[in-house]
Amino acid sequence: MSSGVAVDLQDMWIKFGDFVAVRDANVHINGGDFFSFLGGSGCGKTTILRAVSGFLEPADGKILIGGNDMKGKGPNERPTALIFQNLALFPLMKVWENITFSMEVRGASAGERRKRADELLDMIALSDQGDKLPSELSGGQKQRVAIARALCAEPDVLLLDEPLSALDLGLRHHMRTELREIQKRVGITFIYITHDQGEALTMSDNVAVMRTAVIDQIGSGKSVYDDPSTSFVASFVGMNNMFRGKVKSISKGQALVETNRTGNLLARITTGATGKLAVGDDAMVFIRPEGLHIAEKSAKSNTRIKANVRHSEFEGTSYNVFLEGDAGKEMKMSLVNRGEARLYEPGAELTLQFDATQAVVVPAGELASE
Amino acid sequence: MIKQPLYIRIGLALYLFMFFTYLIGPLILMSITAFNSASFPQITPWEVLTFEWFPKLFSDDRILRGLKYSLYVGFFTVILSVSMGLAGALMLTQIWPKLRSTYYTIIIAPILVPGVVIGISTLVFWAEINRILGFSADSYLQNGIFLSVLGQSTFIASYCMLVFVARLQRYDTGLTEAALDLGATHLQAFRRIQLPFLAPAMASSSVLAFLASFENYNTTIFTHQKFATLTIVLSQKVRYGIDPTISALAFIIVCLTVLGALIHEVRTRRVQLALANGAPVGAVTGGFKAPKFFAGNPAAVVLGLFVGAAVLIIGFAQVYDPAPAKQAYTDQKRAIQKKAIEAIQQKARDKVRERQMKGPKVFETKKGTGTGSPGKDSFGSVFKPNNLDEAAGTKKKKPVGVNPGKGAFGNIWKSDNLDKVAPKEKGN
Ligand SMILES: Nc1ncnc2c1ncn2[C@@H]1O[C@H](COP(=O)(O)OP(=O)(O)O)[C@@H](O)[C@H]1O
Ligand SMILES: [Mg+2]
């Protein structure tokens with residue numbers, strides 16, 4: 001899939017007056033990648049997309065598409081097509097006219113356009129709906145028309161701004177697969193924006209996790225999940241138990257952190273945090289619920305946590321056990337249901353254990369508020 | 001819904017009745033007067049049903065010319081005002097936000113300026129321009145139609161702009177952006193996406209502009225020069241004395257308005273029906289083929305009735321001859337008058353006889369039998385039915401002595417009276 005066109009953001013700043021919406025973004029997107037920007041509402045995702053498609057000029061830095069500087073080029077001169085958050089289908093045009101609008105403005109004949117529209121309508125499985133108005137379609141159908149309209153322009157890069165956020169849950173899951181399939185078929189670069197980490201992790205080749213105006217980490221879904229660079233990424237992507245403390249010692253890529261309430265914990269320093277932690281620094285240890293187990297006798301004390309069961313939930317494939325550690329520290333543990341596991345009574349006293357390579361430590365910092 | 005107490009419902013009905021009477025009562029009254037043969041617009045007394053005022057209207061050169069000029073001025077005012085209004089509204093969406101409210105105030109100001117002031121200033125301004133450019137006094141810059149169009153558009157454009165602003169507020173600029181993103185130029189995006197969205201506002205502001213222009217008086221009175229528009233002609237006519245041709249004109253205008261409103265309503269309902277059925281408009285309502293055209297569309301039924309009634313009335317007017325009825329009415333009136341005169345004469349004779357028989361008495365005048373009292377007579381007769389006929393000047397022969405006080409008032413409306421004034425006034 002190296003056939004696609006790469007996109008590069010270099011030291012890019014975007015400002016609205018004095019307000020900095022995007023701060024010093026550096027992103028390389030491989031040609032043909034399905035690339036996601038993941039971040040909470042208002043963090044600047046749409047702004048980045050609008051800058052790539054040419055509706056905004058960066059205050060500083062460069063945008064390269066296929067190696068070409070896009071400075072001074074308007075949206076109609078860029079090889080991008082944007083799927084708007086609200087889709088922006090033209091309400092007064094029929095579906096097929098919507099789809100082939102990009103051909104119309106290039107002066108294609110009606111016959112040519114109709115033919116191409118029919119091909120695209122086949123592709124999105126709306127063969128006989130071409131003569132309807134957008135208002136006569138369902139949410140999912142509109143979605144697909146918007147995609148077909150963008151693809152009809154034959155862009156090198158397709159930009160999608162939270163395209164699934166308006167759909168109901170079932171449809172959203174269905175469209176995830178569909179989008180991913182379309183992307184594989186057409187082989188062009190997709191830049192996808194979402195605040196839904198499930199979407200980002202399942203669909204993308206690579207993900208950029210955004211904090212307000214800043215990109216914290218770029219990597220595959222797995223690396224973002226397992227190897228977070230910052231406390232924000234660790235708390236934003238997936239559930240995590242967080243322990244604050246101070247670094248006591250560092251050796252072989254691991255740090256021993258003296259926490260406020262849970263004693264000393266040993267954890268792996270993540271790739272992104274390597275070199276940023278020194279003895280005595282404030283640090284945060286993150287342990288996933290699925291990284292916690294019932295302790296075996298051999299467990300070392302710095303990978304052990306004592307806690308009382310508050311309540312448990314049975315989820316079929318797993319149990320969620322909600323616990324309370326020393327001084328009221330709340331934790332969550334997920335146990336895979338292998339048949340023999342059982343629900344713990346509230347109040348039961350457990351000793352938990354984790355693998356030091358599965359616990360991560362990063363410098364103390366901002367947390368996702370959710 | 002909660003059922004309202006009876007007195008509230010009655011009160012509400014009464015209120016609605018009064019409201020609509022106030023609103024359309026005058027129009028209905030005026031329309032009816034167009035069919036009364038009395039030469040002053042009136043309903044009571046009803047003389048004879050006639051259609052004569054319509055041909056009279058269409059043979060009145062001044063009115064026809066006024067109508068023609070009104071249409072010219074209206075046409076150009078629509079074009080100028082709608083384009084200026086559109087440009088102004090688009091500008092409002094583009095302008096730097098801090099300037100927006102100032103700009104809005106400036107562009108809306110002409111609505112607040114009295115039409116008279118706009119009229120005078122238009123006149124003065126263009127006369128000045130004309131002089132500076134060294135053109136002759138009868139150049140196009142001094143043409144009444146040109147000046148009226150410019151003068152009216154000054155404030156009508158602001159109305160149009162308000163209509164466009166309201167519509168633009170609901171426009172999703174994302175649509176223009178989407179068009180640009182798909183490779184359209186700014187012009188293409190405007191023409192293919194934004195302009196079609198504004199089409200309904202264009203239609204309604206065109207209608208608004210035309211009506212505002214058509215009915216305008218106080219600006220046009222200064223700018224019309226030799227081109228007296230309909231409103232100007234009518235106002236001059238009122239000064240010269242009105243007759244029911246004006247009612248006939250009003251009736252035609254009312255009918256056209258109702259027709260326009262009905263057609264609009266029919267179309268709206270057709271679209272609604274189609275939307276409700278989820279099918280193209282033609283398929284649901286059967287194009288213009290009855291009975292599907294009328295099905296489920298009361299407005300279409302009313303429209304059909306309306307057109308039918310119009311055809312019937314026009315057909316009836318072709319065959320109806322009011323002459324015999326008129327003759328009968330005149331004869332009848334003559335007879336009544338004759339009787340009245342005779343009665344008065346009889347009374348006078350009786351009085352004379354009485355005086356002769358009884359001889360003079362001191363308190364006789366104080367008793368006041370009433371016949372001779374001038375005070376009572378001058379009031380009492382004002383409300384006499386044939387009173388107004390005379391006022392309008394139809395009666396050539398007036399019974400002498402019936403009401404001497406009335407004459408002073410009645411003469412104002414006498415037609416020959418006005419003819420004397422007219423030549424002097426025509427100069428302006
Ligand atoms: N046109 C604008 N003018 C001023 N501020 C803006 C504008 N567009 C966006 N912003 C601000 O920039 C920030 C990022 O917005 P956006 O990119 O839309 O967020 P999101 O990540 O939810 O898509 C927000 O704080 C928003 O208020
Ligand atoms: Mg957004």
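These legends go with close-up views of a predicted model.

**View 1. The residues around ligand 1.** Start by finding ligand 1 and looking at its neighbours in chain A, which include Phe16(A), Phe19(A) and Ala21(A). The stretch written as Gly40(A), Ser41(A), Gly42(A), Cys43(A), Gly44(A), Lys45(A), Thr46(A) and Thr47(A) also belongs to this shell. Sorted by class, the shell has six polar, four nonpolar and one charged residues.

**View 2. Polar contacts of ligand 1.** Which atoms of the protein pair with oxygen atoms of ligand 1? A polar backbone atom of Cys43(A) lies 3.2 Å from an oxygen atom of the ligand. For Gly44(A), a polar backbone atom is 3.0 Å from a ligand oxygen. With Thr47(A), look at the side chain instead: one of its N or O atoms is 2.5 Å from an oxygen atom of ligand 1.

**View 3. Cover and elements around ligand 1.** On its own, ligand 1 has 560 Å² of accessible area, and the protein covers 57% of that. Two elements of chain A, strand 2 (19-29) and helix 1 (45-53), each give two or more residues to the shell. Helix 1 of chain A supplies the largest share, with three residues.

**View 4. Confidence in the model.** Now turn to chain B, where the mean pLDDT is 82 and 80% of the residues reach 70 or more. In residues 364-428 of chain B, the pLDDT is below 50, and this stretch has 51 contacts in the model beyond near neighbours in sequence. For the model, the scores are ipTM 0.82 and pTM 0.73.

Note on methods. Residues are numbered from 1 along each chain as its sequence is written. Chains are lettered from A and ligands numbered from 1 in the order in which they are written. Side-chain values use heavy atoms; hydrogens and water are left out. pLDDT is the predictor's confidence in each residue, from 0 to 100. Contact means heavy atoms within 4.5 Å. A residue is near a molecule or strand if one of its heavy atoms lies within 4 Å of it. A polar contact is a pair of N or O atoms within 3.5 Å; within protein, one must be able to donate a hydrogen and the other to accept it, and residues adjacent in sequence count only if both atoms are side-chain atoms. Accessible areas come from the Shrake-Rupley method with a 1.4 Å probe; for residues, only the protein chains shown count as cover. Helices (H or I, at least four residues) and strands (E, at least two) are DSSP runs, numbered from the N terminus. Ala, Val, Leu, Ile, Met, Phe, Trp, Tyr, Cys and Pro count as nonpolar, Asp, Glu, Lys and Arg as charged, and the others, Gly among them, as polar.
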